[in-house]
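Colleague: I'm new to this one and would love a close look at a single part. Could you start from one side chain and work outward from there?

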Amino acid sequence: MNWKMIWRIIAYTLLIEAALMVPALLISIGYHEMTVVYAYLATLAVIGVVAGLLLLVTKNARKGFYARDGLVTAGFTWLAMSMLGCLPFWFSREIPSYVDCLFEMVSGFTTTGSSILTDVEAMSKGLIWWRSFSHWVGGMGVLVFLMAIVPLGGKNSGFTLHILRAESPGPSVGKMTPRMKQTASILYKIYFGLTVINIVLLMVGGMDWFESCCHAFGTAGTGGFGIKADSFASYSPYLQNVTTIFMLLFSVNFSIYYLLLLRKFTDVIRDEELRAFVLIVLGSIIALVFCVRPLYGTLEETIRHSAFTVSTIISTTGYATTDFNLWPAFAKAILLILMCIGACAGSTGGGIKVIRVVLLGKIFRRNLHQSQHPDEVSAIRVNDKRIDEQVVRNTTAYLIIYVAIAVISFLLVSLDGFDVETNLSAVFATFNNIGPGLGAVGPVSNFAAYSDFAKLVMTFDMLAGRLEIYPIIVILSRRTWARTR
């Protein structure tokens with residue numbers, strides 16, 4: 001392992017985290033929240049010391065970088081960011097428990113939106129901003145941002161592709177352009193542009209600049225930290241509809257927007273993952289409208305709540321306009337399935353990803369066909385392109401590991417004694433980076449009642465879910481720590 005280069009990249013990332021924390025500090029100064037100001041200053045000092053020491057001891061780091069290095073870098077970077085990024089909550093004592101601070105920060109960076117706060121409206125403005133902004137930071141990935149602005153390595157050094165593969169969601173990562181640095185830059189330009197448009201439309205609907213920014217950060221990162229106790233329930237239908245649309249927009253693979261910019265409309269229409277995503281969304285909305293129609297006064301209200309809820313769950317955002325915990329069992333079953341499916345690969349959403357569902361369907365169909373025609377060799381194709389067999393094997397392996405982690409987490413969390421619906425949905429909500437679950441962790445509740453042990457299990461789940469499992473598993477592997485070169 002090239003440990004020196006790994007720690008050096010982590011140091012650069014921590015410096016970026018410190019810079020991204022400055023707006024929250026300025027907001028705290030503007031609102032005269034002096035306790036929070038001191039908390040931020042103390043945090044910036046700690047980050048500065050840690051990053052400075054890492055840069056000092058890695059001064060002569062060599063350039064060689066491999067796939068496993070990329071996985072380890074992603075895993076440790078997100079751990080370091082979360083462990084230091086939660087310090088403002090702890091230093092200010094607005095969240096007294098460090099485990100709770102870590103849970104909240106990991107939930108922010110992984111764009112999960114699960115919270116331990118019982119009264120979010122009582123939190124200082126500067127901390128609310130950082131809490132919401134963490135969604136935007138984690139949505140596209142801070143390492144992708146690092147690649148877009150910092151020249152980490154020279155030609156063939158292997159940094160960009162291995163890091164992008166480790167941090168980006170989906171079974172495979174492709175290039176929009178020949179240069180990965182340029183690809184990262186394009187991704188962030190699209191991300192930033194959509195966020196700005198979202199902010200403007202929210203302000204048109206009557207939100208002030210602070211609310212618009214916080215909600216747009218949560219929508220863009222598909223995170224869902226609300227700044228009100230009722231999330232989106234008290235906002236106007238216009239604001240709810242705007243957010244519904246943007247949650248879906250941020251659930252789509254960002255390469256689709258790049259294709260639109262290139263005017264390759266035929267490629268967009270033929271994209272199998274996009275078509276499957278649209279069908280799942282429309283089918284789920286129609287099913288929910290029929291199921292929950294008796295609960296609402298008008299058809300418009302029924303469609304609005306159904307569309308918002310489908311969007312918030314499949315995008316893994318986690319905002320809420322209604323307490324879907326009170327919906328019939330069939331409706332809640334649909335939501336649990338959407339929690340697992342999640343958004344598209346290459347988006348800011350979580351879950352298994354729609355493309356993996358498509359691939360698993362094609363794998364099943366091929367296996368069924370080969371059982372009847374054992375001598376026939378057939379390839380799996382998506383968008384008329386042959387899928388490498390390694391990707392097929394990785395998809396199957398991912399599903400096996402996914403189920404194993406979900407089952408083990410469910411068993412461990414169940415030690416706290418909550419009912420099965422609560423525990424199962426809590427694991428799904430954190431592992432798939434959704435936010436709210438069902439039962440005692442529904443959209444009008446929180447995760448505060450769980451023990452520190454259960455919160456740490458779900459913290460692991462959030463990180464594993466956001467990083468597609470492998471980076472977190474790799475850093476726990478004995479082989480990672482062996483001196484292989």
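Modeller: Let's begin with the side chain of Thr302: one of its polar atoms sits 2.9 Å from the backbone oxygen of Thr298. That is a polar contact, meaning a pair of N or O atoms within 3.5 Å, where within protein one must be able to donate a hydrogen and the other to accept it, and residues adjacent in sequence count only if both atoms are side-chain atoms. Before we go on, please keep in mind that this is a predicted model, in which local features need pLDDT of at least 70 and side-chain atom pairs count only at pLDDT 80 or more, while totals for chains, interfaces and linings use all residues. Residues are numbered from 1 along each chain as its sequence is written, and side-chain values use heavy atoms, with hydrogens and water left out.

Thr302 belongs to helix 15, which runs over residues 299-314. Helices here are DSSP runs of H or I with at least four residues, strands are runs of E with at least two, and both are numbered from the N terminus. Thr302 counts as buried because its relative accessible area is 0%; the cut-off for buried is under 20%, exposed means over 50%, and partly exposed lies in between (1.4 Å probe, protein chains only). What does Thr302 touch, leaving aside its neighbours within four places in sequence? The partners are Val289, Val292, Arg293 and Tyr296, where contact means heavy atoms within 4.5 Å. Ile285 is 17 residues from Thr302 in sequence, and their C-alpha atoms are 9.8 Å apart in space.

Helix 15 also holds a salt bridge, between Arg304 and Glu300, with the closest N and O atoms 2.8 Å apart. A salt bridge is a side-chain nitrogen of Lys or Arg within 4 Å of a carboxyl oxygen of Asp or Glu. Because Arg304 and Glu300 are four residues apart in helix 15, about one helical turn separates them. An α-helix has 3.6 residues a turn, so residues three or four places apart point the same way. Arg304 is buried at 11% relative accessibility, whereas Glu300 is partly exposed at 43%.

Val289 and Val292, two of the partners of Thr302, bring us to helix 14, where they are among the buried residues. Others buried in helix 14 include Glu272, Leu274, Phe277, Ile285 and Leu288. How far apart are the end C-alpha atoms of helix 14? They are 30 Å apart, which agrees with the 30 Å expected for the 21 residues of this helix (residues 272-292) at 1.5 Å a residue; the expected span is 1.5 Å times one less than the number of residues. At the N-terminal end, Asp271 caps helix 14 with a side-chain oxygen 3.3 Å from the backbone nitrogen of Glu273.

Glu272 of helix 14 also pairs with Lys362 in a salt bridge of 3.1 Å, N to O. This pair links distant parts of the chain, since Lys362 lies in helix 17 (residues 354-372) and the two residues are 90 apart. Lys362 and Glu272 are both buried.

Helix 17 has another such link: the side chains of Arg366 and Glu389 meet in a salt bridge of 2.9 Å, N to O. Here Arg366 in helix 17 is joined to Glu389 in helix 18 (residues 389-413), 23 residues apart. Arg366 is buried at 13% relative accessible area, and Glu389 is partly exposed at 28%. Elsewhere, salt bridges that share partners join Lys353, Arg356 and Glu468 into one network. In the whole structure, a search finds nine salt bridges.

Back at helix 15, let's look at its other surroundings. Thr244, in helix 11 (residues 237-249), is in contact with Ala307, Phe308 and Ser311, leaving aside its neighbours within four places in sequence. Thr244 counts as buried, with 9% relative accessibility. Just past helix 15, Thr317 lies in the loop leading to helix 16 (329-341). Is Thr317 buried or exposed? At 0% relative accessibility, Thr317 is buried. Not counting residues up to four places away in sequence, Thr317 touches several residues, among them Thr112, Gly218, Met247, Thr312 and Ile434.

Finally, the wider setting: the protein has 21 helices and two strands, and buried residues make up 57% of its 485 residues. Of the contacts between residues at least 6 apart in sequence, 73% join residues at least 24 apart.
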